[in-house]
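Here is a friendly walk through one structure, with an eye on its charged pairs and its enclosed space. Have the model open as you read.

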Amino acid sequence: MPAFRPARRPGDALPRRTMLKAAGVGMALPWLSAMDGRTAAAAEESPTAPEMPEIERGDGPPRRFVAFTLSLGLLGENLNPKQSGRGWEPSPYLEPLTDLRDQLTILSGTSHPGVRTGHRAEASLLTANPAGGNGRGRNTISIDQYLAKHLGGSTRFPSLVLSGGGSNSPCYTDGGAMIPAQDSVEDLFRDLFVEDDPSARRQHARRAAHGRSVMDLVLDDANRLSREVGAGDRRRLDEYFTGVRDLEVRMAADEKWAKAKKPEVDMEPPDEIRDANEFIARQALMAEVVKLALETDSTRYVVHHLGGSNHRAPLPGVNTGWHSLSHHGKEEEKLKQLAIVEAALIASWGDFLRSLGEVKESGRSLLDSTTVLMTSNLGNASNHDNRNMPVLLAGGGYRHGQHLAHDPKDNAPLPKLFTTIANRHGLAIDRFFGEPGTQSGLELA
């Protein structure tokens with residue numbers, strides 16, 4: 001493979017297999033327009049991604065974020081109260097959560113502008129980028145990974161990406177790549193709390209140390225190449241080199257954690273629930289381990305995704321698969337069964353909130369320091385409508401107890417909520433994706 005040599009003649013194409021080399025180290029390059037002999041002016045525009053934030057360090061316990069994401073929506077008429085503001089009466093789904101009222105905000109009439117791709121909008125759920133689901137552009141970073149990128153370096157795991165089954169997730173890197181989900185609660189518990197044998201720990205540390213400082217070795221070559229290419233290629237290289245730097249930082253941290261003992265917890269290693277129909281019980285068990293991960297400060301950023309399976313929940317009154325029920329076509333029997341499934345999912349989410357509320361740190365509850373989101377890419381799964389997304393927000397130290405109701409026919413932009421969440425974590429940005437601004441009415445307690 002050719003190494004990069006500076007001072008190419010105008011119009012000369014850069015070999016496609018060019019590598020940066022130094023001191024016996026070679027680093028491959030991403031595709032560049034210069035490899036076709038073009039300047040970067042012909043390159044496509046990058047989507048509007050979150051800017052580099054100014055980080056504000058606050059006092060008190062660390063801030064945390066957990067998102068429970070659903071592929072099949074929630075029935076808005078059963079979820080959203082009829083009244084807006086603080087005087088709302090509990091809806092059928094929220095009736096079992098009345099004890100959590102002061103820790104809960106309901107948002108209705110919100111959606112991601114420009115996202116209209118049905119099930120495929122799952123890719124846009126936490127990024128707010130329409131390109132995520134339309135297949136015609138590159139996705140951008142999801143809110144959980146944005147938080148983890150800038151704030152996740154203090155814990156053994158910068159983030160956890162989990163699912164109720166399968167590897168799909170709504171979590172995306174800076175470069176728009178989906179992060180595969182972990183769907184085994186046994187493996188998750190082992191990674192978090194079960195010590196490796198000493199030889200495995202030493203091998204892990206050696207692997208982490210060996211992969212460090214590649215960018216330092218090829219830095220001169222990289223700088224020369226950046227001066228030789230056009231603006232679009234410089235942007236690609238900058239994104240690529242930033243990604244390599246981030247990887248090196250993570251590997252350095254990985255080396256440190258490989259030598260550190262894992263926390264001890266008062267929970268026996270869980271047995272996997274292998275019955276796919278028991279997806280609600282699987283979610284609850286995974287949530288129990290997530291609570292321990294937060295409590296031991298093993299991570300601060302978690303997404304648990306429950307995909308659109310057609311398994312039949314073993315609940316009284318339910319005899320049809322969840323996905324089939326979501327395509328109810330307003331049939332009364334299907335709506336009745338779907339309501340049973342969705343109510344059980346929200347009740348399980350409420351149990352997770354209560355478990356965080358029982359853990360105290362620095363005189364406050366773990367729920368006070370953890371922003372917990374439940375949402376879905378679908379407002380109406382029956383007709384694949386991405387408008388009027390279901391949104392429940394709990395904890396995090398906000399002034400809750402309200403229903404922030406927006407126009408169901410002219411939705412408010414949900415990315416503003418992501419900006420608010422980023423600001424709450426000390427990332428001073430004016431927008432996460434799209435237009436600037438934060439979620440109106442959502443204030444700190």
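Let us begin with a pair of neighbours: the side chains of D430 and R431 form a salt bridge, with 3.7 Å from N to O. Please keep in mind that this is a predicted model. D430 is partly exposed, at 37% relative accessibility, and R431 is likewise partly exposed, with a relative accessible area of 28%. Elsewhere, salt bridges with shared partners bring D99, D351 and R354 together in one network.

How many salt bridges does a search of the whole structure find? The count is 12. Three of the pairs are set side by side here.

| Salt bridge | N to O distance |
|---|---|
| R354 and D99 | 2.8 Å |
| K416 and E435 | 3.4 Å |
| D430 and R431 | 3.7 Å |

Take R354 and D99, whose side chains meet at 2.8 Å, N to O. R354 belongs to helix α10 (residues 332–357), while D99 sits in the loop between α1 (76–79) and β5 (104–108), so this salt bridge ties together parts that are 255 residues apart in sequence. The two ends fall into separate exposure classes: R354 is partly exposed, with a relative accessible area of 23%, whereas D99 counts as exposed at 52% relative accessibility, because the exposed class begins over 50%.

Next comes K416 with E435, where the closest N and O atoms are 3.4 Å apart. This pair links distant parts of the chain, with K416 in helix α11 (residues 415–424) and E435 in the segment after β15 (427–428), 19 residues apart. Is K416 buried or exposed? With 19% relative accessibility, K416 counts as buried, because the cut-off for that class is under 20%. Its partner E435, at 47% relative accessibility, is partly exposed.

Now for the enclosed space. There is one cavity of 30 Å³ or more in the model, and the largest cavity holds about 60 Å³ of space. Which residues line the largest cavity? They are S163, G164, D183, V185, E272, I273, R282, L285, M286 and H304. Helix α8 (residues 279–295) supplies the largest share of this lining, with three residues. By residue type, the lining of the largest cavity is mixed: four residues are nonpolar, three are polar and three are charged.

To put the two themes together, the search of the structure gives 12 salt bridges, and one cavity reaches 30 Å³ or more.

Conventions
Residues are numbered from 1 along each chain as its sequence is written. This is a predicted model: local features need pLDDT of at least 70, side-chain atom pairs count only at pLDDT 80 or more; totals for chains, interfaces and linings use all residues. Side-chain values use heavy atoms; hydrogens and water are left out. On a 1 Å grid over the protein atoms alone, a cavity is a set of points where a 1.4 Å probe fits but cannot get out, and a pocket is an open set with protein on both sides within 12 Å along at least five of seven lines; lining residues have an atom within 4 Å of a point. Grid points are joined across faces, edges and corners, and a volume is the space filled by probe spheres set on the points. Helices (H or I, at least four residues) and strands (E, at least two) are DSSP runs, numbered from the N terminus. Ala, Val, Leu, Ile, Met, Phe, Trp, Tyr, Cys and Pro count as nonpolar, Asp, Glu, Lys and Arg as charged, and the others, Gly among them, as polar. A salt bridge is a side-chain nitrogen of Lys or Arg within 4 Å of a carboxyl oxygen of Asp or Glu. Buried means under 20% relative accessible area, exposed over 50%, partly exposed in between (1.4 Å probe, protein chains only).
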